[in-house]
Amino acid sequence: QKAGLQVKTYPYYDPKTCGFNFDGMYKALKEEATPGSHVLLHACAHNPTGVDPSEDQWSQIAEVMMEKKLVPLMDSAYQG
């Protein structure tokens with residue numbers, strides 16, 4: 001924000017299930033994100049939750065990213 005960027009968040013973690021809120025994230029990307037928006041995604045070991053999308057969920061995320069012309073920024077820490 002200090003760099004002049006407009007920062008928004010999307011649902012990710014569901015504390016009720018201690019799991020991934022796929023429906024919330026997908027809906028936010030599909031309905032709220034504007035074309036050209038950059039979306040920060042964690043490749044695995046999401047910080048701070050440790051919750052990751054399934055392979056099928058990643059496919060659906062990729063589809064909506066392409067459909068909406070969103071720009072993925074991948075954080076893939078802890079790979080080694």
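Cysteine 44 counts as partly exposed, with a relative accessibility of 28%, in what is a predicted model. The sulfur of cysteine 44 lies 20 Å from the closest cysteine sulfur, which belongs to cysteine 18, and this is too far for a bond, since a disulfide would require the two sulfur atoms to be within 2.5 Å. A disulfide is a covalent bond between the sulfur atoms of two cysteines. In keeping with this, a search of the whole structure finds zero disulfides, and cysteine 18 is in no disulfide, the nearest cysteine sulfur being that of cysteine 44 at 20 Å.

Cysteine 18 itself is exposed, at a relative accessible area of 54%, and it is placed in the loop between β1 (residues 13-14) and β2. Its backbone also deserves attention, for cysteine 18 has a positive phi of about 55 degrees although it is not a glycine. Most residues other than glycine have a negative phi. Lysine 69 shows a positive phi too, near 55 degrees, and is likewise a residue other than glycine; this lysine 69 is found in the loop between α2 and β4 (residues 71-75), where it counts as exposed at 61% relative accessibility.

The relative accessibilities of four residues are set side by side here.

| Residue | Relative accessibility | Class |
|---|---|---|
| Cysteine 18 | 54% | exposed |
| Valine 39 | 6% | buried |
| Cysteine 44 | 28% | partly exposed |
| Lysine 69 | 61% | exposed |

Turning to the chain as a whole, its secondary structure comes to two helices and four strands, and these elements follow one another from the N terminus in the order β-β-α-β-α-β. The C-alpha trace spans about 30 × 25 × 25 Å along its principal axes, and the radius of gyration of the chain, 13 Å, agrees with the value near 12 Å that a compact globule of 80 residues would have. Of the contacts in the chain with a separation of 6 or more, 70% are made by residues 24 or more positions apart.

Of the 80 residues of the chain, 26% count as buried. Helix α1, covering residues 22-31, contributes Phe22, Gly24, Met25, Ala28 and Leu29 to the buried residues. An α-helix has 3.6 residues a turn, so residues three or four places apart point the same way. The cover over the buried residues of α1 includes strand β2 (19-20), strand β3 (38-42) and helix α2 (55-67).

Valine 39 has its place in strand β3, and it is buried, with a relative accessible area of 6%. Not counting residues up to four places away in sequence, valine 39 touches Tyr10, Leu29, Met65, Leu70, Val71, Pro72 and Leu73. One of these partners, tyrosine 10, is 29 residues away from valine 39 along the chain, yet the C-alpha atoms of the two are separated by 9.4 Å. Another partner, Leu29, is among the buried residues of helix α1.

As for the outside of the chain, the accessible surface comes to about 5,800 Å², and 53% of that area belongs to carbon and sulfur atoms. The chain carries 7 positive and 10 negative side chains, and the centres of these two sets lie 11 Å apart.

How values were computed. Residues numbered from 1 in each chain as written. Heavy atoms only, no water. Rg over C-alpha atoms; globule rule 2.2 N^0.38 Å. Buried < 20%, exposed > 50% of the residue type's maximum accessible area, 1.4 Å probe, protein only. Contact = heavy atoms within 4.5 Å. Areas by Shrake-Rupley, 256 points an atom, 1.4 Å probe, with all protein chains shown as cover. Lys, Arg positive; Asp, Glu negative; His and termini not counted. Charge placed at Lys NZ, Arg CZ, Asp CG, Glu CD.
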